[in-house]
Amino acid sequence: MPDLMYLVQQRNLDILSHQVAACRINSIRVSASICEDCQQPIPAARRAAFPGVERCISCQEITEQKLKHYRG
C-alpha cells in the first residue's frame, strides 16, 4: 500500500502535468500583424517566435514595465 508522501507526490505530478497541458493548448494562438498599441506592423520574425503576440517589441516592453511597476 502506498504511503501518504507517495500519494502527495503523485497528486502534485498530476496537477503539474495538467497545468503544462493547459499552457500548451493556450499558446497556440494567431499572432496579430499590427500592434494593438501603436498600430505599426509587427515583424514576421517576432510573430513566428512568439505565437499569439499582440504588440511590437517596444510596446510590449512598455507594457511589461507598467505591469512590473504596478505589481510591486
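**Cysteines**

I looked for disulfides in this predicted model, and the count came to 0. Cys38 is in no disulfide, and I found its nearest cysteine sulfur, that of Cys35, 3.6 Å away. A disulfide here requires sulfur atoms within 2.5 Å, so I leave Cys38 unpaired in my notes.

I then turned to Cys59, whose sulfur has its closest cysteine sulfur in Cys56, at 3.6 Å, which is too far for a bond.

Are these two cysteines buried or exposed? Cys38 is partly exposed, with a relative accessible area of 28%, whereas Cys59 is buried, at 10%. The cut-off for buried is under 20%, which is why I enter Cys59 as buried at 10% and Cys38 as partly exposed at 28%.

I placed Cys38 in the loop between α1 and α2. Leaving aside neighbours within four places in sequence, Cys38 is in contact with Cys56 and Cys59. I also looked up the backbone spacing of Cys38 and Cys56: they are 18 residues apart along the chain, and their C-alpha atoms are separated by 8.2 Å. With the same kind of sequence neighbours set aside, Cys59 touches Cys35, Asp37 and Cys38.

**Nonpolar core**

Which residues make up the largest nonpolar core? I listed 5 residues in all, namely Cys35, Ile42, Val53, Cys56 and Cys59.

I followed Val53 further, and found this residue in the loop between α2 and α3, where it counts as buried at 8% relative accessibility. Not counting residues up to four places away in sequence, Val53 touches Ser31, Ala32, Ile42, Arg46 and Arg47; Ile42, among these contacts, is also a member of the core. The C-alpha atoms of Val53 and Cys35, which lie 18 residues apart along the chain, are separated by 8.7 Å.

**Salt bridges**

How many salt bridges does the structure hold? I recorded 2. In one of them Glu36 pairs with Arg55, with the closest N and O atoms 2.9 Å apart. This pair links distant parts of the chain, since Glu36 sits in the loop between α1 and α2 (44-49) and Arg55 in the loop between α2 and α3 (57-71), 19 residues apart.

Asp37 also forms a salt bridge with Arg55, and here too I noted 2.9 Å between the closest N and O atoms. Asp37 lies in the loop between α1 and α2 and Arg55 in the loop between α2 and α3, so the pair ties together parts that are 18 residues apart in sequence. Because the salt bridges share partners, I drew Glu36, Asp37 and Arg55 as one network.

I checked the exposure of each member of this network. Arg55 counts as buried, at 17% relative accessibility, while Glu36 counts as partly exposed at 40% and Asp37 counts as partly exposed at 43%.

**Ile34 and Gln39**

I next looked at Ile34, which lies in the loop between α1 and α2 and is partly exposed, with a relative accessible area of 39%. Leaving aside its neighbours within four places in sequence, I found Ile34 in contact with Gln39, Gln40, Pro41, Ile42 and Glu54. The C-alpha atoms of Ile34 and Pro2, by contrast, are separated by 55 Å, the two residues being 32 places apart along the chain.

Gln39, one of the contacts of Ile34, is also placed in the loop between α1 and α2. I flagged its backbone, as Gln39 has a positive phi of about 65° although it is not a glycine. Gln39 is exposed, with a relative accessible area of 52%.

**Surface patch**

Which residues make the nonpolar surface patch of about 520 Å²? I listed Leu4, Met5, Tyr6, Leu7 and Val8. I looked up Leu4 on its own and found it in helix α1, which covers residues 4-26. Leu4 is exposed, with a relative accessible area of 65%.

Note on methods: Residues numbered from 1 in each chain as written. Predicted model: local features only at pLDDT ≥ 70, side-chain atom pairs only at ≥ 80, totals over all residues. Heavy atoms only, no water. Core = buried A, V, L, I, M, F, W, Y, C linked by side-chain atoms within 4.5 Å. Buried < 20%, exposed > 50% of the residue type's maximum accessible area, 1.4 Å probe, protein only. Contact = heavy atoms within 4.5 Å. Patch = residues over 30% accessible without salt bridge, like charges linked within 9 Å, V, L, I, M, F, W, Y side chains within 5 Å. Areas by Shrake-Rupley, 256 points an atom, 1.4 Å probe, with all protein chains shown as cover. Salt bridge = Lys/Arg side-chain N within 4 Å of Asp/Glu carboxyl O. Helix = DSSP H or I, 4+ residues; strand = E, 2+ residues; numbered from the N terminus.
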